[in-house]
Amino acid sequence: VAISGRRGTAKSVMARGLHDLIPPIEVVQGSWTNADPERPEEWEQDLVDKIAAAGGDVKTQVRKAPFIQVPLGITEDRLVGTVDMEQSIETGK
C-alpha cells in the first residue's frame with residue numbers, strides 16, 4: 001500500500017491505523033521469516049533443521065502481521081545495506 005499526500009496530512013497516522021486493521025497471521029514458532037505452517041516447502045533451512053531435531057513437532061503462534069514503513073525515495077543500498085569493501089578485503093569474506 002502506498003499512501004501519499006502533502007506534509008502534515010496524517011499519512012503516518014493513517015498507515016498505523018491501517019496496520020491495526022490487518023488480521024493477525026499464524027506462523028511457525030521460531031521462524032524469522034514468518035513461515036506459513038501450511039507451506040513447509042517454503043520454510044527456511046534452519047527452521048526445517050530445528051523441527052527435524054525436535055522430532056517433527058511443528059508449533060505455531062499467532063502474531064501481528066509485519067508492517068514496514070519505507071520512505072518513498074529510499075535507495076536499495078539504504079534499505080538493505082551495502083558490502084563493507086574494506087572488511088571484505090581484510091578478511092576475505
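**View 1. His 19 sits in helix α1, which covers residues 11-21.** Helices here are DSSP runs of H or I with at least four residues, strands are runs of E with at least two, and both are numbered from the N terminus. This is a predicted model, where local features need pLDDT of at least 70, side-chain atom pairs count only at pLDDT 80 or more, and totals for chains, interfaces and linings use all residues. Residues are numbered from 1 along each chain as its sequence is written, and side-chain values use heavy atoms, with hydrogens and water left out. His 19 counts as buried because its relative accessible area is 16%; the cut-offs are under 20% for buried, over 50% for exposed, and partly exposed in between, with a 1.4 Å probe and protein chains only.

**View 2. Here is what His 19 touches beyond its own stretch of sequence.** With neighbours within four places in sequence set aside, His 19 is in contact (heavy atoms within 4.5 Å) with Lys 64, Ala 65, Pro 66 and Phe 67. Look at Ala 65 in particular: its backbone oxygen is 2.8 Å from a polar atom of the His 19 side chain. For scale, Ser 31 comes 12 residues away from His 19 in sequence, and the two C-alpha atoms are 21 Å apart in space.

**View 3. Ala 10 has a positive phi without being a glycine.** The angle is near 65 degrees, and the residue belongs to the segment before α1. Ala 10 is partly exposed, because its relative accessible area is 41%.

**View 4. Asn 34 is another non-glycine residue with a positive phi.** Its phi is near 55 degrees. You'll find Asn 34 in the loop that runs between β1 (25-28) and α2 (45-53). Its relative accessible area is 24%, so Asn 34 counts as partly exposed.

**View 5. Glu 90 lies in helix α4, residues 85-91.** At 61% relative accessibility, Glu 90 is exposed. Pick Val 27 as the other end of a ruler: Glu 90 and Val 27 are 63 residues apart in sequence, and their C-alpha atoms are 40 Å apart in space.

**View 6. Pulling back, the chain holds 4 helices and 2 strands.** Their order along the sequence is α-β-α-β-α-α. The radius of gyration is 19 Å, while a compact globule of 93 residues would come in near 12 Å; that radius is taken over C-alpha atoms, and the globule rule is 2.2 Å times the number of residues to the power 0.38. Along the principal axes, the C-alpha trace spans about 55 × 45 × 15 Å. Just 13% of the 93 residues are buried. Of the contacts between residues at least 6 apart in sequence, 51% join residues at least 24 apart.

Methods: Polar contact = N/O pair within 3.5 Å; in protein donor to acceptor, adjacent residues only side chain to side chain.
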